[in-house]
Each structure stands twice: as C-alpha cells, then as structure tokens.
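Here are my comments on the model you sent, set out as numbered points for reading beside the coordinates.

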Amino acid sequence: SPGKMVAAGRFMFGFRKWYYSLCGFNKLGLMRDDTIYEDSDVKEALRRLPEPVYNDRTFRIKRALDLSMKQQILPKDQWTKYEEDCHYLTPYLEEVIRERKEKEEWMKK
C-alpha cells in the first residue's frame, strides 16, 4: 500500500540520516564528497571543479584536519546537516570515469 511505501521511505531517510551522523565526518564540518579517497580519477575531477567549490572543499578539509589533531569537533550548529550535504564532486567524478573508460575501449581497438 502507498502508506507503507511512505513509511518505508521515511524509515530509510531516517536510517540514512542516523548512519550519516554515525560516520562522524559531519561533526568536523565535512561533506560526504570530501571523504572520497583521492585516486587519479578523483584528482582529475577535483581539477575540474569551479574555483569557489574547490576553495570551500579545501577550507573544510583543513579545518577538519585541525580539529582532529586537537581531538575536537565543531559546535553542533556548525555540523554539516544530512539535508544540506550535496554531492558536489560526484558528477565530475562520473564524467572522468566515463571518459577514461571510453579512452580505454578506444585503446583496445
């Protein structure tokens, strides 16, 4: 029934929100995409980011490193909220991976 679907959707959202808080990176003011391991694809995606987005990312990471060295977290009102976390890097990363795979296919010919 549609009511069950809505309840399940709400539960999944609640669960994801809970898991998100559990990960803890939001308490350092980081976004999910800040925590992606930097391989060569990610480095290329970072190179393509608009400068203000890249600068914001750099600021968040430096602040998080500083906090973790001091074994501190941000005041709760400064934590990244699940609803405000955007995948700013993911579209660029998907594009880089798609281009690399196309190139690899072309090289095989």
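The points below take up one helix, one of its residues and a pocket.

1. Please keep in mind throughout that this is a predicted model, and that the values quoted here are computed from it.

2. Helix H3 covers residues 51–69, and because a rise of 1.5 Å a residue should carry its 19 residues over 27 Å, the 27 Å between its end C-alpha atoms agrees with expectation.

3. The buried residues of H3 are Arg57, Arg60, Ala64 and Leu67. They lie on the same side of H3, because the arc that they cover around the axis is only 95°. Helix H2 (40–48) is included in what covers these buried residues, whereas the face of H3 turned away from them carries Glu51, Phe59, Lys62, Leu65 and Met69, which are exposed.

4. Arg60, a residue of helix H3, deserves its own point: its relative accessibility is 11%, and since buried means under 20%, Arg60 counts as buried. Beyond its neighbours within four places in sequence, Arg60 is in contact with Leu28, Gly29, Leu30, Met31 and Asp34, and also with Tyr88.

5. Just after H3, the backbone at Gln71 takes a positive phi, of about 55°.

6. The largest pocket holds about 160 Å³ of space, and its lining is made up of Lys17, Tyr20, Ser21, Asn26, Lys76, Trp79, Thr80, Lys81, Tyr82 and Glu83. Sorted by class, four of the lining residues are charged, three are polar and three are nonpolar.

Definitions and conventions: Residues numbered from 1 in each chain as written. Predicted model: local features only at pLDDT ≥ 70, side-chain atom pairs only at ≥ 80, totals over all residues. Heavy atoms only, no water. Helix = DSSP H or I, 4+ residues; strand = E, 2+ residues; numbered from the N terminus. Expected span 1.5 Å × (residues − 1). Buried < 20%, exposed > 50% of the residue type's maximum accessible area, 1.4 Å probe, protein only. Arc of directions from axis to C-beta. Contact = heavy atoms within 4.5 Å. 1 Å grid on protein atoms, 1.4 Å probe; cavity = no way out; pocket = protein on both sides within 12 Å on 5 of 7 lines; lining within 4 Å. Points joined across faces, edges and corners; volume = space filled by probe spheres on them. Nonpolar A, V, L, I, M, F, W, Y, C, P; charged D, E, K, R; others polar.
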